[in-house]
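Colleague: I would like to learn how to read a few features of a protein model. Could we take them one at a time?

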Amino acid sequence: MSALLRLAWASLANRRFSALVTVATIALSVLLLLGVERLRNEARNSFLRTVAGTDLIVGARAHPVQLLLYSVFHLGDATNNVSWASYREIAEREDVAWTVPISLGDSHKGYRVVGTTAGFFEHVRTGGNRALRFEQGQAFDGLFEAVLGAEVAERLGYTLGDSIVLAHGTGALNPNQHDDRPFSVIGVLARTGTPIDHSVHVSLEAIEAIHINWRAGTRIGRAPDDIPPERLQPRSITAFFVGLESRMATFAVQRAVNEFRAEPLTAVLPGVALQQLWGMLGVVEKALMLTAACVVAAGLLGMLAALLGTLSERRREMAILRALGAGPGTVSALLLLEALLLTAVGLALGLALLHGGLALMAPTIERASGIAIALGWPSLAELKLLGLVLGAGVAVGLIPAFLAYRRSLADGMMVRQ
């Protein structure tokens with residue numbers, strides 16, 4: 001076997017240019033396949049960890065995915081609001097440890113404004129149960145103070161102390177500006193890779209204050225300079241996050257909210273709703289994997305073309321091997337071993353390129369998207385993919401090996417005119 005391996009290696013070295021091209025093609029296809037698989041898994045994990053440490057999300061009666069979309073991802077609008085009285089009744093339950101209300105509906109240059117409380121920065125967590133961290137400044141304390149997500153601050157070039165104006169509504173180009181009530185940037189959050197990066201956070205009282213002189217989306221008169229505290233009490237909110245004293249109470253509280261008599265509400269488990277939402281995105285996931293698989297197939301077909309292309313040129317070589325005592329099985333095993341070597345070297349090179357590329361690009365990818373890509377050993381799923389590619393390479397090598405097996409000594413020695 002060792003002699004046959006040395007012979008196969010020497011044969012490939014003799015055709016080094018075509019062999020290198022074949023190996024490079026397989027390596028690049030493997031790089032794409034494993035890269036898509038690694039990115040798909042890390043993106044899925046990051047997606048499922050968009051919100052952590054929250055037991056329930058409560059909003060007006062709606063489909064769980066719709067509630068998740070507007071409360072966590074700030075996509076779309078709520079079917080209705082939750083009254084402040086209902087929020088307070090649920091928040092004061094003995095089995096509820098904390099709540100974080102949010103109020104949506106305004107924006108700043110296309111970025112959503114989230115009205116909330118200072119508890120948002122204390123209780124809301126992201127992937128790996130990581131607490132929110134301030135890159136600059138601190139949480140809002142005054143009425144017209146704003147905390148920016150990392151993406152908002154970076155894209156718009158804001159720093160602490162800058163003045164910003166919110167807009168009524170969520171359109172990117174919105175003429176309905178709350179320019180009589182500018183906000184001061186008091187803090188900038190560290191990047192999380194979640195919709196928090198794309199949000200502007202202000203207090204619930206500030207949301208009430210900027211809408212005092214607005215009716216039906218239109219400003220009426222000038223806002224008063226002195227606003228009584230009772231006017232800043234929210235009348236309704238969009239949704240709220242709930243943390244429980246015990247996870248054992250999750251389903252009991254969820255049932256109580258879903259059967260709430262004062263108004264129709266929906267309570268969802270974030271993890272379950274995220275799984276449902278990711279399932280809806282499965283078509284994109286499958287399309288990426290199919291594309292990568294097609295590239296691998298193209299690489300293996302390139303190897304097949306290279307082996308078949310040289311088969312006719314090696315007829316005399318095969319005949320000499322037969323004349324020296326090599327049987328048809330040995331000749332076919334030689335070609336099969338060459339295909340195995342080309343595929344194995346391509347796999348090793350592709351894996352090395354993947355890890356080298358990730359080592360260089362992982363920090364940039366995490367800063368840009370918040371997706372932290374692991375640099376460890378291949379996962380079980382990746383090893384299975386490598387095994388499939390290696391098996392496919394061997395299967396492709398069976399074709400030229402079978403053709404070589406059928407060649408006879410007389411055919412190999414015959415000189416064609």
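Modeller: We will go through a helix pair, a surface patch and a single residue.

Modeller: This is a predicted model, in which local features need pLDDT of at least 70, side-chain atom pairs count only at pLDDT 80 or more, and totals for chains, interfaces and linings use all residues. Residues are numbered from 1 along each chain as its sequence is written, and side-chain values use heavy atoms, leaving out hydrogens and water.

Colleague: How are two packed helices described?

Modeller: By the angle between their axes and the distance between the axes. Here the axes of helix α3 (residues 64-71) and helix α9 (residues 270-280) come within 9 Å and cross at roughly 95°. Angles of 65 to 115 degrees count as roughly perpendicular, so α3 and α9 are roughly perpendicular to each other. Among the residues making the contact (heavy atoms within 4.5 Å) are Leu 68 of α3 and Leu 277 of α9.

Colleague: Which residues make the nonpolar surface patch?

Modeller: Leu 308, Ile 399, Phe 402 and Leu 403 make a patch of about 330 Å². Patch residues have over 30% relative accessible area and no salt bridge, and nonpolar side chains are joined within 5 Å. Helix α13 (residues 380-406) gives the most, with 3 residues, while Leu 308 lies in helix α10 (residues 282-311).

Colleague: What is the relative accessible area of Leu 308?

Modeller: The value is 32%. Buried means under 20%, exposed over 50% and partly exposed in between, so Leu 308 is partly exposed.

Colleague: Which residues does His 123 touch?

Modeller: Not counting residues up to four places away in sequence, His 123 touches Trp 98 and Val 100.

Definitions and conventions
Patch = residues over 30% accessible without salt bridge, like charges linked within 9 Å, V, L, I, M, F, W, Y side chains within 5 Å. Areas by Shrake-Rupley, 256 points an atom, 1.4 Å probe, with all protein chains shown as cover. Salt bridge = Lys/Arg side-chain N within 4 Å of Asp/Glu carboxyl O. Helix = DSSP H or I, 4+ residues; strand = E, 2+ residues; numbered from the N terminus. Buried < 20%, exposed > 50% of the residue type's maximum accessible area, 1.4 Å probe, protein only. Axes fitted to C-alpha atoms, helices over the stretch in contact; angles between N-to-C directions. Parallel < 35°, antiparallel > 145°, perpendicular 65-115°, else oblique.
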